[in-house]
Amino acid sequence: MQTYPPEPFRIKMTEPIRLISPKEREAALKGAGYNLFAVKAEDIFIDLLTDSGTGAMSQDQWAAVMRGDESYAGARSFHRLKAAVEDIFGFKYFVPAHQGRAAENILSACLVKPGNYVPSNMHFDTTDANIRARGGRPTNLVIDEAFDPANPHPFKGNMDIAKLEAFIEKTGADKIPFGMVTVTNNAGGGQPVSMENIKAIADVYHSYKIPFFIDAARYAENCFFIKERESGYESKSVKEIAHEMFSLADGMTMSAKKDAIVNIGGLLCMNDESLFQNVKNELILREGFPTYGGLAGRDLDAMAVGLYEGLDEAYLSYRLAQTAYLASRLNDAGIPTIQPAGGHAVYLDAHAVLPHIPQSEFPGQALAVELYREGAIRGVEIGSVMFAYPDPDSGKMIYPKLELLRLAIPRRTYTQTHMDYVADTLAKIKSRASSIRGFKFTYAPELLRHFTARFEPL
Ligand SMILES: Cc1ncc(COP(=O)(O)O)c(C=O)c1O
């Protein structure tokens with residue numbers, strides 16, 4: 001039986017959670033229009049909705065919060081963050097932002113024009129929406145193996161280099177204001193991208209003079225996978241691997257709510273000075289002065305400390321093994337998950353668990369609702385609710401290749417017993433899967449609809 005290393009921390013403060021009754025859970029579901037984003041947190045027992053901003057900060061981060069300098073301009077907190085960002089990422093310029101999507105918004109506002117394309121392995125939903133909101137077309141060019149949940153490829157987040165080259169030739173490099181890669185690939189299972197692939201991506205973009213930006217939300221987890229799986233990196237530190245990775249790019253966006261283990265924060269880094277000038281102007285308009293970017297000084301300090309803690313190899317080893325443990329317990333119960341386990345989350349193949357529910361009736365959503373109903377556990381659908389959209393040319397609905405339920409694991413927050421409870425609950429659901437029904441929308445906005453949509457059971 002798979003096990004994982006003991007948590008490299010002990011618990012100094014607790015937060016109570018409670019399991020409400022099945023009747024109360026049913027009422028909570030109905031009241032929320034069967035959208036788990038609308039269920040109150042106090043009605044949730046184990047919250048695996050996201051690993052974003054939900055981790056436990058350390059004693060050193062809380063101590064840093066007390067040192068926060070709330071000066072409007074030039075705060076000490078900013079300079080402490082700047083030192084960490086320069087040390088770890090090495091880009092010439094950066095601004096803080098209140099979270100990842102704010103960085104994406106600023107970058108898209110500065111660079112994306114209507115009719116532009118922005119390729120990536122796979123864009124996450126907010127990146128996708130920010131590019132679309134500026135009239136651009138986000139394009140996903142991940143390797144085909146990413147769409148085969150059972151394929152154990154060690155770097156399933158890799159981009160298909162031949163597809164990337166063909167895509168640039170077809171659209172023309174002048175239509176591509178920047179290219180991206182997401183590490184790890186959240187929308188495709190939290191799967192890592194190899195250094196070899198990142199080098200090849202950088203070479204292609206640069207040969208067409210296209211600036212290369214990394215979506216670095218989970219860069220530390222990606223670098224630890226490289227250390228574990230890519231030959232030549234076994235004896236390098238995660239920080240050295242990160243240096244090499246970022247030296248290949250022209251900039252990055254980052255939601256610091258993941259691998260910087262803070263509750264709020266983001267970064268936008270770049271090497272181009274004229275872009276930096278435009279970024280600062282946009283930032284002042286939308287987020288705040290460039291030395292605080294929509295955050296309090298204490299948030300900047302917590303991020304400066306968390307960036308280093310996120311690189312700690314004892315922590316990363318425990319973290320990735322905890323995720324693999326949950327996946328293996330589910331697999332033992334006959335529930336297929338994307339193989340191999342991702343970094344921050346386990347992705348259940350909802351289509352395989354509920355093969356009788358078509359994509360138009362949202363199998364991932366049906367499984368998410370059932371998990372709450374059975375055990376007050378909250379996960380999130382990553383399938384047709386989140387990603388199906390009408391083709392801008394034909395108007396025909398385009399469905400994603402995978403229908404997933406993501407169980408994201410907050411950092412340093414839940415124990416092995418919590419993971420066992422999740423696995424046991426899903427095993428119960430599996431045994432009565434054929435009686436579970438799909439859903440239809442009663443309300444859905446045009447962009448980022450999963451956040452506020454409402455549903456009715458079919
Ligand atoms: C890969 C990736 N990029 C960007 C974002 C957006 O970050 P935020 O939620 O901080 O706006 C997320 C959030 O989950 C993400 O996973």
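## A walk through the chain, starting at a strand pair

Select glutamate 381 first: its opposite number is leucine 405 in strand S14. S14 covers residues 404–408, and 3 bridges join S14 to S11 in an antiparallel run. Two strands are said to pair when DSSP finds at least two bridges between them. The strands and helices are themselves DSSP runs, numbered from the N terminus: E with at least two residues for strands, H or I with at least four for helices.

Before you go on, two notes on the model. Residue numbers start from 1 along each chain, following the sequence as written. The model is predicted, so local features need pLDDT of at least 70 and side-chain atom pairs count only at pLDDT 80 or more, while totals for chains, interfaces and linings use all residues.

**The three-strand sheet**

Now widen the selection to the open sheet of 3 strands, ordered S9-S14-S11 with antiparallel pairing. Which strands stand at its edges? They are S9 and S11 (380–382), each pairing on one side only. From one strand to the next, the twist averages 35°. Add helix H14, residues 363–375, which lies across S9, S11 and S14 and runs at about 165° to S11. Here, contact means that C-beta atoms, placed from the backbone, lie within 7 Å. Axes are lines fitted to C-alpha atoms (for helices, over the stretch in contact), with angles from 0 to 180 degrees between N-to-C directions.

**Zoom out: the whole chain and its domains**

Show the full protein chain, with its 16 helices and 16 strands. Its C-alpha trace spans about 60 × 55 × 45 Å along the principal axes. The radius of gyration is 21 Å, which agrees with the value near 23 Å for a compact globule of 458 residues. That radius is taken over C-alpha atoms, and the globule rule is 2.2 Å times the number of residues to the power 0.38.

Next, colour by domain: domain 1 is 22–51 + 312–457, and domain 2 is 59–309. Such bounds come from an automatic or database domain assignment. The C-alpha centres of the two domains lie 25 Å apart. At their interface, 23 residues of domain 1 are in contact with 24 residues of domain 2. On the domain 1 side, helix H12 (313–332) and strand S9 (345–349) each supply at least two residues. H12 gives the most, with 4 residues. By class, this side of domain 1 has 13 nonpolar, 4 polar and 6 charged residues. Nonpolar covers Ala, Val, Leu, Ile, Met, Phe, Trp, Tyr, Cys and Pro; charged covers Asp, Glu, Lys and Arg; the others, Gly among them, are polar.

**The five-strand sheet**

Select the open sheet ordered S2-S8-S7-S6-S5, which has 5 strands and mixed pairing. Strands S2 (93–97) and S5 (179–182) are at the edges with a single partner strand each, so one side of each has no neighbour in the sheet. Neighbouring strands here are turned by 15° against each other on average, direction ignored. Zoom in on S2 and S8 (residues 266–270), which pair in the antiparallel sense over 5 bridges. Click proline 96, and you will find leucine 267 in S8 as its bridge partner.

**The ligand**

Which residues come nearest to the ligand? Of the 14 residues around the ligand, they are Gln99, Gly100, Arg101, Phe124 and Ser255. A residue counts as near if its C-beta atom, placed from the backbone, lies within 6 Å. Helices H4 (100–111) and H5 (125–133) each supply at least two residues of this shell. The shell is made up of 2 nonpolar, 9 polar and 3 charged residues.

**Three backbone stops**

Most residues other than glycine have a negative phi, and most peptide bonds are trans. The following stops are worth a look with that in mind.

- Valine 183 to threonine 184: this peptide bond is cis, with omega near -20°. Threonine 184 is in the loop between S5 and helix H7 (195–207).
- Glutamine 339 to proline 340: this peptide bond is also cis, with omega near -15°. Proline 340 is in the loop between H12 and S9.
- Isoleucine 261: not a glycine, yet its phi is positive, about 50°. Look for isoleucine 261 in the loop between strand S7 (251–255) and S8.

Methods
Two residues are in contact if their C-beta atoms, placed from the backbone, lie within 7 Å.
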